[in-house]
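Dear colleague,

I am handing over the structure we spoke of, and below it you will find my notes on what came out of it. Please read them alongside the coordinates.

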Amino acid sequence: MTADPWYRSIENQLLWPLPDPSGRAGRGRGRIQHNEQTAPGLWRLALHLPGSWGPPVPGQFVQLQATVPGFFRLPRPFSVAGWRVEDDGSGLLEIVYAPVGRESQGMSRLEIGAEMDWTGPLGAGYAILKNRRALLVGGGRGVAPLLYLAQCLSDLNHSQCLLYGYRSHEERWPVEPSIPFKEASEDGSRGRKGTVLNLLNDGIDAGEIHPGRDALYICGPTAMLRAVSVWNEGFGFPLQVSLETIFGCGCGLCAGCAVPVRGGEGYGAYALACRQGPVFPAEKVDWDGFVE
């Protein structure tokens, strides 16, 4: 990834080094420390891993597979929502998920002490510019990687603000209000009535947000990513998006996560989100060719 001209152009401005794509990922087996419902339809799972694992870059993901017979037929990708090294030297990886399918519903029934196979950290995470305030923009249940990004930025006392939008309170993730925080709901049930675009425009009108001193890091539904990217063409904020797409193998073999990009990179006009993403500079994504 460091050979990419865009990343090479900003490498000396970054808050933390970019991951080396040549073999940082490991694999092994971890034990569930907790697996509990934290909000209607939303669960948080923590998995004990070796303390030497990682640390992952915010925006990267892991592939998990339960060791219970008849459970996951293939490893499944989950964004890293938290990571810390415990006092005893072990590591604790956190993910958040919604049990909407048969297998994720099965995962919600796994008990403390059950084991899961893991592979990771995988993919390209956020490249954080150290001289700009970080504006974290999340949509719906896609806010998971921003939770870990906020944790890392807080550890470094880096200036940040979370702008969070969702359709209704049922979709609201239980985000921690430990950082500056604004929210909007389309049904007006909480915060400002509207979307994250309304929050961004409000901030610009009030002089609280400026393309010369802030950078945007976004995760959420593709429609929201596209809308903010188009909106940004009139402002020019540094903008990175975490794409949600279909991940199969997680290592670039199945090509199920191919996304259209500008400039003919990757495989012709496509890039593999599992290896070259899931985080991309917004201007590299061919939004017109993207099929949700």
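**A buried phenylalanine and its strand**

Phenylalanine 78 has a relative accessibility of 13% and therefore counts as buried, the cut-off being under 20%. Please bear in mind throughout that this is a predicted model. Phenylalanine 78 belongs to strand β4, and proline 77 lies in that strand too, which covers residues 76-79. Proline 77, however, counts as partly exposed because its relative accessibility is 28%. When neighbours within four places in sequence are left aside, the contacts of proline 77 are Phe61, Val62, Gln63 and Phe247.

An unreviewed UniProt entry places a "binding site" feature at Arg76, Pro77, Phe78 and Ser79. Of these residues, Arg76, Pro77, Phe78 and Ser79 are included in the lining of the largest pocket.

**The largest pocket**

The largest pocket holds about 1300 Å³ of space, and 48 residues line it, with Ser79, Arg141, Gly142, Glu244 and Thr245 lying nearest its centre. Sorted by class, the lining comprises 26 nonpolar, 15 polar and seven charged residues. At least two residues of the lining come from each of β4, β6 (91-97), α2 (102-107), α3 (144-155), β9 (160-166), α4 and α5.

Helix α5, which spans residues 222-232, has as its buried residues Thr222, Met224, Leu225, Val228, Ser229, Trp231 and Asn232. The elements that cover these buried residues include β8 (133-139), α4 (196-205), β12 (214-219) and β13 (239-242).

**The seven-stranded sheet**

Several of the strands just named recur in an open sheet of seven strands with mixed pairing, whose order is β11-β10-β9-β8-β12-β13-β16. Its edge strands are β11 (192-193) and β16 (279-281), each of which pairs on one side only.

Taking the pairings from the β11 side, β10 and β11 run parallel and are joined by two bridges, with serine 185 standing opposite lysine 193 in β11. Strand β10 (residues 181-185) also runs parallel to β9, to which five bridges join it; here leucine 162 has phenylalanine 181 in β10 as its bridge partner. Elsewhere in the sheet, β12 and β13 are likewise parallel, with four bridges between them, and leucine 216 has leucine 239 in β13 as its bridge partner.

**The four cysteines**

The unreviewed UniProt entry also places a "binding site" feature at Cys249, Cys254, Cys257 and Cys274. These cysteines are spread over 26 residues of sequence, yet they cluster in space, the largest C-alpha distance being 10.2 Å.

Cysteine 249 sits in the loop between β13 and β14 (258-260), and cysteine 254 is found in the loop between β13 and β14 as well. Are these two buried, exposed or in between? Cysteine 249 counts as partly exposed because its relative accessibility is 29%, and cysteine 254, at 43%, counts as partly exposed too.

Not counting residues up to four places away in sequence, cysteine 249 touches Gln63 and Cys254, while cysteine 254, with its neighbours within four places left aside, is in contact with Gly248 and Cys249. Gln63 thus appears both among the contacts of proline 77 and among those of cysteine 249.

With kind regards

Note on methods: Residues are numbered from 1 along each chain as its sequence is written. This is a predicted model: local features need pLDDT of at least 70, side-chain atom pairs count only at pLDDT 80 or more; totals for chains, interfaces and linings use all residues. Side-chain values use heavy atoms; hydrogens and water are left out. UniProt positions are given in the numbering used here, feature names are shortened, and annotations may be inferred rather than shown by experiment. On a 1 Å grid over the protein atoms alone, a cavity is a set of points where a 1.4 Å probe fits but cannot get out, and a pocket is an open set with protein on both sides within 12 Å along at least five of seven lines; lining residues have an atom within 4 Å of a point. Buried means under 20% relative accessible area, exposed over 50%, partly exposed in between (1.4 Å probe, protein chains only). Contact means heavy atoms within 4.5 Å. Grid points are joined across faces, edges and corners, and a volume is the space filled by probe spheres set on the points. Ala, Val, Leu, Ile, Met, Phe, Trp, Tyr, Cys and Pro count as nonpolar, Asp, Glu, Lys and Arg as charged, and the others, Gly among them, as polar. Two strands pair if DSSP finds at least two bridges between them.
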